[in-house]
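Dear colleague,

I am passing a structure on to you with this message. Please look through it first; my notes on what was found follow below.

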Amino acid sequence: MTAVGDGAPGPGQGGDNGPVGSCSSGGSLRPRNGTGGAADGPHEVKPVKATSDRLNYSGKTILAPMVRVGTLPMRLLALEFGADIVYSEELIDWKLLRSFRRVNDVLGTIDFVDETDGTIVFRTCARERNNVVLQIGTSDPERALKVGKIVENDVAGIDINMGCPKEFSVKGGMGVALMADLEKAKSVLHTLASGVSCPVTCKVRVLPDVEATVEVCKALAETGIAAIGVHGRTRDERPQHGNRNHYIRAVAEALSIPVIANGGSKEILCFEDIEKFRTDTGCSSVMVARAAEWNVSIFRKEGLLPLDDVIKKYLTLSVDYDNNGSNSKYCVQNMLRELQETPRGKVFLEAQTLEQICAVWDLADYCRKRQLEFKAAGLLGRREICPQILRQESADNGTPTKKIKLQETNDGIITMKIAYIRSLYPTDNDLPKTRLLGWVRTQRIGMPSYKTIQEGKLFQSVLTVNGVQYTSSMWEKNKRWAEQGAALVCLCSLGQVDSATLKADGSIL
Ligand SMILES: Cc1cc2nc3c(=O)[nH]c(=O)nc-3n(C[C@H](O)[C@H](O)[C@H](O)COP(=O)(O)O)c2cc1C
């Protein structure tokens, strides 16, 4: 797990019963069913020249950090709609530490790429250079500083998550665990704030007691941070609980640095409600999470856009920045919410690739065209940018990696280079092993058997079905994934899974 967040609900759950505020103008947060609408169609996001000015956190309207939601297309759309600052999803320090920075000329982005598997940990671009804040999950000052040094020139600010109540975070000493270890929290913030060139902030939850909340925030503010985000719920409170706006106000009154109010989405139905939240909390800056997750045009002063228009814009950006299809699907699911139950929503749920998702909003041709352009311009896939493969390329004197044959037989074992990408299989029924089991049952042949070998930290499985052996030459990080990879090879070889689909979703390059 890369990102764990701050009590993030699952896709489409939205975290509570939705907003209850009222608006004087603008559209409805309720998604409209049906097609199209008034979307502008494909649009360009123009790069903005980076300046050396430090980000100022006063008087700002901010997209809050949200795991899986706060990736590049959503951040750019929030900026287009009027947000001043956009936070990334929380990224855990060690994940960033094992990534390398790569300029992606084809997309015009800076990519931080996981060197072990070529996945994009963080993608950013010039348009958001002066507005993007990278949120880190950490429990260690030195690790935080190392991450800070890696990213400081590509982001406008760095935030430390001190509000996540999830077990994963707390067990690792991150998130709200830092609030309980004030010395550690101060050390993380001080080390980072004095060691990097960009401003540092933190995002906290309130404590049950208002005075204690103010005291902790005061102590954190003394570390040299530029601002502090305050979510008005305690570590044990959930989105359905009321937000303690008066706690946030007390912090804002006590501190001289900007305080960013957070937690108001239950009452944020339109832009005016953001302003009301600002007034209620006495803060000059506010940070919006769920209301933006549901309809990011919440940041438009002119009012909300119909959901279809927002989805089209979001998908266009997803295509333009080659966003991971399952990430885009997750975000659209969270916009559709109950509309997933409609006939159109069900077609959408069946979609697996970005192109299939785009097809639901009449953008399949656009997606295909752009993807072909990217390919022609030399966009590399995730395995092609892995250091191991790059090393191989330079050993070959810069000649491009040899084209991988889709299927070959090594020692009588049918071998294909297929990666098992966990996020492509959301339910157990979708898993390659489950599908293979279903198939062998219909064929009345013996159960598949798996034999797995381990080399270092990598695993490879050989699967036997009906006396034939299958394996993937893509080594995986654990035994389960290696078995799923072998099952995919078998399904593909038997024609039960289409190799074109596997190419489109990135499993085969
Ligand atoms: C889907 C989702 C993911 C979240 N991920 C993060 C995260 O990565 N880091 C973080 O500090 N908070 C995270 N949060 C918490 C929000 O940033 C915010 O504090 C909370 O939702 C309250 O604000 P709201 O009322 O505007 O939704 C997440 C919330 C949601 C709904």
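**Helix α7 and its surroundings**

The buried residues of helix α7 are covered by elements that include α6 (210-221), β9, β10 and α8. Those buried residues are Tyr247, Ile248, Arg249, Ala250, Val251 and Ala252. Helix α7 itself spans residues 245-254 and lies across β9 (227-231) and β10 (259-262), with its direction at about 175° to that of β10. Please bear in mind throughout that the model is predicted.

Helix α8 (residues 271-281) lies across three strands, namely β1 (61-63), β10 and β11 (285-288), and runs at about 125° to β11.

**The barrel**

The strands just named belong to a closed barrel of eight strands, paired in parallel, in the order β1-β2-β6-β7-β8-β9-β10-β11. On average, neighbouring strands of this sheet are turned by 25° against each other, direction ignored. One of the pairings joins β6 (residues 132-137) to β7 (residues 157-162), parallel and over four bridges. In β7, Asp159 stands opposite Gln135.

**The nonpolar cores**

The largest nonpolar core has 113 residues, and Ala78, Ile228, Ile260 and Val288 touch the most other members. Both domain 1 (60-303) and domain 2 (306-382) contribute residues to this core, so it lies between them. There is also a second, separate core of 24 residues, with Met416, Ala419, Leu424 and Ile508 among them.

Ile228 may serve as an example from the largest core. This residue is found in strand β9. Is Ile228 buried or exposed? Ile228 counts as buried because it has 25 C-beta neighbours inside 10 Å, the cut-off for a buried residue being 20 or more. Apart from neighbours within four places in sequence, its contacts are Thr201, Cys202, Val204, Cys217, Leu220, Ala221, Leu255, Ile257, Val259 and Ile260. One of these, Leu255, is 27 residues away from Ile228 in sequence, with a C-alpha to C-alpha distance of 9.5 Å.

**Confidence of the model**

The protein chain has a mean pLDDT of 87, and 85% of its residues reach 70 or more. In residues 24-51 the pLDDT is below 50, and this stretch has 60 contacts in the model beyond near neighbours in sequence. The pLDDT is also below 50 over residues 399-405, a stretch with six contacts beyond near neighbours in sequence.

With kind regards

Conventions
Residues numbered from 1 in each chain as written. Predicted model: local features only at pLDDT ≥ 70, side-chain atom pairs only at ≥ 80, totals over all residues. Pairing = 2+ DSSP bridges. Helix = DSSP H or I, 4+ residues; strand = E, 2+ residues; numbered from the N terminus. Axes fitted to C-alpha atoms, helices over the stretch in contact; angles between N-to-C directions. Contact = placed C-beta atoms within 7 Å. pLDDT = per-residue confidence, 0-100. Buried ≥ 20, exposed ≤ 12 C-beta atoms within 10 Å, placed from the backbone. Core = buried A, V, L, I, M, F, W, Y, C linked by C-beta atoms within 7 Å. Domains from an automatic or database assignment.
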